[in-house]
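Visitor: I would like a close look at a single part of this model, and then an account of how its surroundings are put together.

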Amino acid sequence: MNKEEIIAKINGFLVDEFEVDNDDIEPNANLKDTLGLDSLDYVDLVVSIEANFGVKLVEADFVGISDFQSFYDLIETKIKAKLA
C-alpha cells in the first residue's frame, strides 16, 4: 500500500465514520480541531485504524501529532514496521 492509498483510505473512513467534510481534510489542518475529537473519539479512531490497517496505536503515538500530515506519516510508519 503506497502513501496515496493510505491517505485515501484514512480520509474515506474519517468522512464516513467521523462525519468530517472531505474539504476540511488538508495535510496541514489541525487533526483534533478538524475532527472535533474528544477522548472517546480517539478510542474510535484507534479502533478504526486497527480495523482498516491492522496496526495498533497507543496513546504515546499521538504525542507530536497535530495535523493530518503527521497522522498520515504515523500510519505509514506503523504499516512499514509491521511489514518489516
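Visitor: Does Asn11 count as buried or exposed?

Guide: Asn11 counts as buried, at 13% relative accessibility, where buried means under 20% relative accessible area, exposed over 50% and partly exposed in between, with a 1.4 Å probe and protein chains only. The model is predicted, so local features need a pLDDT of at least 70 and side-chain atom pairs count only at 80 or more, while totals for chains, interfaces and linings use all residues. Residues are numbered from 1 along each chain as its sequence is written, and side-chain values use heavy atoms, with hydrogens and water left out.

Asn11 lies in helix α1, helices being DSSP runs of H or I with at least four residues, numbered from the N terminus, and strands being runs of E with at least two. Leaving out residues up to four places away in sequence, Asn11 touches Asn22, Ile25 and Tyr72, a contact being heavy atoms within 4.5 Å. With Tyr72 the side chain of Asn11 also makes a polar contact of 2.6 Å; such a contact is a pair of N or O atoms within 3.5 Å, in which, within protein, one must be able to donate a hydrogen and the other to accept it, residues adjacent in sequence counting only through side-chain atoms on both sides.

Further along α1 comes Phe18, which is placed in that helix and counts as buried at 14% relative accessibility. Its C-alpha atom is separated by 9.0 Å from that of Asp44, although the two residues are 26 apart along the chain. Apart from residues up to four places away in sequence, Phe18 touches Phe13, Leu37, Asp41, Asp44, Leu45 and Ser48. Glu19 belongs to the loop between α1 (3–18) and α2 (31–35); there its phi is near 55°, a positive value in a residue other than glycine, and Glu19 is exposed, with a relative accessible area of 72%.

Two of the residues touched by Phe18, Leu45 and Ser48, lead on to α3, in which Leu45, Val46, Ser48, Ile49 and Phe53 are buried. These five cover an arc of only 160° around the axis, which puts them on the same side of α3; the arc is that of the directions from the helix axis to the C-beta atoms. On the other side of α3, by contrast, Leu40, Val47 and Ala51 are exposed. The cover over the buried residues of α3 includes α1 and α4 (68–83). At its N-terminal end α3 is capped by Asp38, a side-chain oxygen of which lies 3.0 Å from the backbone nitrogen of Leu40, and after α3 comes Gly54, with a positive phi near 70°.

Buried residues of α1, α3 and other elements come together in the nonpolar core. The largest such core has 25 residues, and those with the most contacts inside it are Ile10, Leu14, Leu45, Ile49, Phe53, Phe71 and Ile75; a nonpolar core is a set of buried Ala, Val, Leu, Ile, Met, Phe, Trp, Tyr and Cys residues joined through side-chain atoms within 4.5 Å. Two or more residues are given to this core by each of α1, α2, α3 and α4, and α4 gives the most, with six residues. Phe71, leaving aside its neighbours within four places in sequence, is in contact with Ile10, Leu31, Leu45, Ile49, Leu57, Phe62 and Ile65.

A search of the whole structure finds five salt bridges, each a side-chain nitrogen of Lys or Arg within 4 Å of a carboxyl oxygen of Asp or Glu. One of them joins Lys78 and Asp61 at 3.1 Å, N to O; as Lys78 lies in helix α4 and Asp61 in the loop between α3 and α4, the pair ties together parts that are 17 residues apart in sequence. Lys78 is partly exposed at 24%, whereas Asp61 is buried at 15%. In another, Glu50 is paired with Lys56, the closest N and O atoms being 3.5 Å apart; Glu50 is partly exposed, with a relative accessible area of 35%, and Lys56 is exposed, at 58%. Glu76 and Lys80 also meet in a salt bridge of 3.5 Å, N to O, and, being four residues apart in helix α4, they are separated by about one helical turn. Glu76 is buried at 17%, Lys80 is exposed at 52%, and both belong, together with Lys3 and Asp73, to a network of salt bridges.
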